[in-house]
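Trainee: I'd like to learn how to read a protein model step by step. Could we go through one together?

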Amino acid sequence: MQSTIFFILLVQIICHRVKITIHPKYKHHQEALSQVADSFFEKGTLLFQGSRNSIKKDSLGNEEINIKFFQKPGLVKSIIYSFFKDSKAKRSFDYASYLIENDILTPFPIAYVEERNSLGLLGKSYYICKHINYDFTFRELIHQPLFPNRKEILEQFAEFTFQMHEANINFLDHSPGNTLIIEKENKKYDFYLIDLNRMKFESLSIVQRMENFKKLWLSKQMIQIIAKKYAALADRPEQELVQLLAQFSSQFKRKAARKKYIKKFVGKK
């Protein structure tokens with residue numbers, strides 16, 4: 001009986017390998033961070049529940065933190081993430097570190113956790129960062145044309161995105177829900193990027209820069225404000241950027257509408 005129990009425990013240890021990588025500022029919290037990941041399904045406040053990932057809020061000492069859980073990928077993706085491409089958790093951590101090094105705001109990266117089996121294949125993973133108490137997201141600016149200080153916010157957002165582009169950051173998920181906004185004094189605002197695991201780091205042409213705005217669902221008025229501010233920062237003709245922004249925004253909206261129609265049509269079959 002004892003030998004059987006020992007064998008089961010040994011198999012569990014072999015088949016369940018956990019690696020935790022922690023930012024140097026949080027090394028002294030290693031045990032607590034491991035417990036946070038282990039107890040993800042039993043503790044914390046659920047902030048988001050999706051089919052592929054979930055986010056919870058928890059505490060680490062006196063700090064509030066967020067834990068993003070990534071579901072175990074299928075076999076093919078597990079092989080890819082194990083041997084050819086970094087996991088989403090690792091990318092989130094590494095990209096957040098790069099953003100902060102380049103003065104682009106994002107919730108501070110604390111740690112990431114990867115579980116692997118005996119073959120080294122990736123299973124569940126977690127990304128842990130500081131919790132941000134934000135005031136609103138970019139989405140509110142789209143749906144509320146009379147949002148207070150909307151023009152000033154859009155101009156500052158254009159400057160924020162320009163600084164991101166100058167740091168050779170191509171944020172592929174630059175969409176309305178992925179920018180958290182904090183209101184400060186004197187009509188000043190801070191912008192925090194989230195959902196970071198899809199980025200490229202490259203020098204961007206002006207065409208690529210304007211294309212990077214396409215997922216933001218900009219109205220004509222928003223395009224005018226952002227293009228004017230970005231043109232001044234980039235020393236480019238304003239009308240050129242208005243045309244590019246309008247072109248990419250329209251193309252994206254048409255593509256999204258087609259996908260929605262096809263999905264609705266197929267659903268009726």
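Mentor: Sure, and let's settle one word before we start: a contact means heavy atoms within 4.5 Å. Keep in mind that this is a predicted model.

Trainee: Okay, then what share of the contacts with a separation of 6 or more comes from residues 24 or more positions apart?

Mentor: First, the setting: the protein chain has nine helices and eleven strands, and its C-alpha trace spans about 80 × 50 × 35 Å along the principal axes. Among contacts with a separation of 6 or more, the share from residues 24 or more positions apart is 63%.

Trainee: And what percentage of the residues is buried?

Mentor: Buried means under 20% relative accessible area. The protein chain has 269 residues, and the buried part of them comes to 43%.

Trainee: I can see a sheet. In what order do its six strands run?

Mentor: The sheet is open, and its strands pair in the antiparallel sense. β1 (17–22) and β2 (45–49) each have a single partner strand, so they stand at the edges with one side lacking a neighbour in the sheet. From one strand to the next, the twist averages 20 degrees. Put together, the order is β1-β5-β6-β4-β3-β2.

Trainee: Which residue in β5 is the bridge partner of Val18?

Mentor: Strands of a sheet pair through backbone hydrogen bonds, either parallel or antiparallel. Here β1 and β5 (residues 109–116) run antiparallel, joined by six bridges. Within β5, the partner of Val18 is Glu115.

Trainee: Which helix packs on that sheet?

Mentor: Look for a helix that touches β1, β3 (53–60), β4 (63–70), β5 and β6 (122–130). Its direction makes about 125 degrees with that of β1. The one you want covers residues 30–38, and that's helix α2.

Trainee: Let's zoom in on β4. How many of its eight residues are buried?

Mentor: β4 pairs with β3 over eight bridges and with β6 over six bridges, both in the antiparallel sense. β4 is also mostly covered, and its buried residues number six.

Trainee: Which residue in the hairpin of β3 and β4 takes a positive phi?

Mentor: Start where the strands meet: Leu60 stands opposite Glu63 in β4. The hairpin has two residues between the strands. The one with a phi near 65 degrees is Gly61.

Trainee: Which side chain meets Lys68 in a salt bridge?

Mentor: Side chains of opposite charge can pair when their charged atoms come close. Lys68 stands opposite Tyr127 in β6, and at 12% relative accessibility Lys68 counts as buried. Its salt-bridge partner is partly exposed at 30%, with N and O 3.0 Å apart. That partner is Asp195.

Trainee: How far apart in sequence are the parts that this pair ties together?

Mentor: Asp195 sits in the loop between β10 (189–193) and β11 (199–201), while Lys68 belongs to strand β4. The pair therefore ties together parts whose separation in sequence is 127 residues.

Trainee: Is Arg209, the partner of Glu166, buried or exposed?

Mentor: Glu166 and Arg209 form a salt bridge, with their closest N and O atoms 2.8 Å apart. Glu166 is in helix α6 (residues 150–166) and Arg209 in helix α7, 43 residues apart. Glu166 is partly exposed at 46%. With a relative accessible area of 11%, under the 20% cut-off, Arg209 is buried.

Trainee: How many salt bridges does the count come to?

Mentor: One of them joins Lys184 to Asp190, the closest N and O atoms being 3.6 Å apart. Others share partners and link Asp86, Lys90 and Asp94 into one network. The count comes to 13.

Trainee: What is the area of the nonpolar surface patch with Ile80 in it?

Mentor: Ile80 is in helix α3 (residues 75–83), and it is partly exposed, with a relative accessible area of 33%. The patch is made by Leu75, Val76, Ile79, Ile80, Phe83 and Phe84, and its area is about 650 Å².

Trainee: Last one: how far apart in space are Lys214 and Ser39?

Mentor: Lys214 is in the loop between α7 (206–211) and α8 (220–234), where it touches Phe248, Ser249 and Phe252, leaving out residues up to four places away in sequence. Lys214 and Ser39 are 175 residues apart in sequence, and their C-alpha to C-alpha distance is 39 Å.

Methods. Residues numbered from 1 in each chain as written. Predicted model: local features only at pLDDT ≥ 70, side-chain atom pairs only at ≥ 80, totals over all residues. Heavy atoms only, no water. Pairing = 2+ DSSP bridges. Helix = DSSP H or I, 4+ residues; strand = E, 2+ residues; numbered from the N terminus. Axes fitted to C-alpha atoms, helices over the stretch in contact; angles between N-to-C directions. Patch = residues over 30% accessible without salt bridge, like charges linked within 9 Å, V, L, I, M, F, W, Y side chains within 5 Å. Areas by Shrake-Rupley, 256 points an atom, 1.4 Å probe, with all protein chains shown as cover. Salt bridge = Lys/Arg side-chain N within 4 Å of Asp/Glu carboxyl O. Buried < 20%, exposed > 50% of the residue type's maximum accessible area, 1.4 Å probe, protein only.
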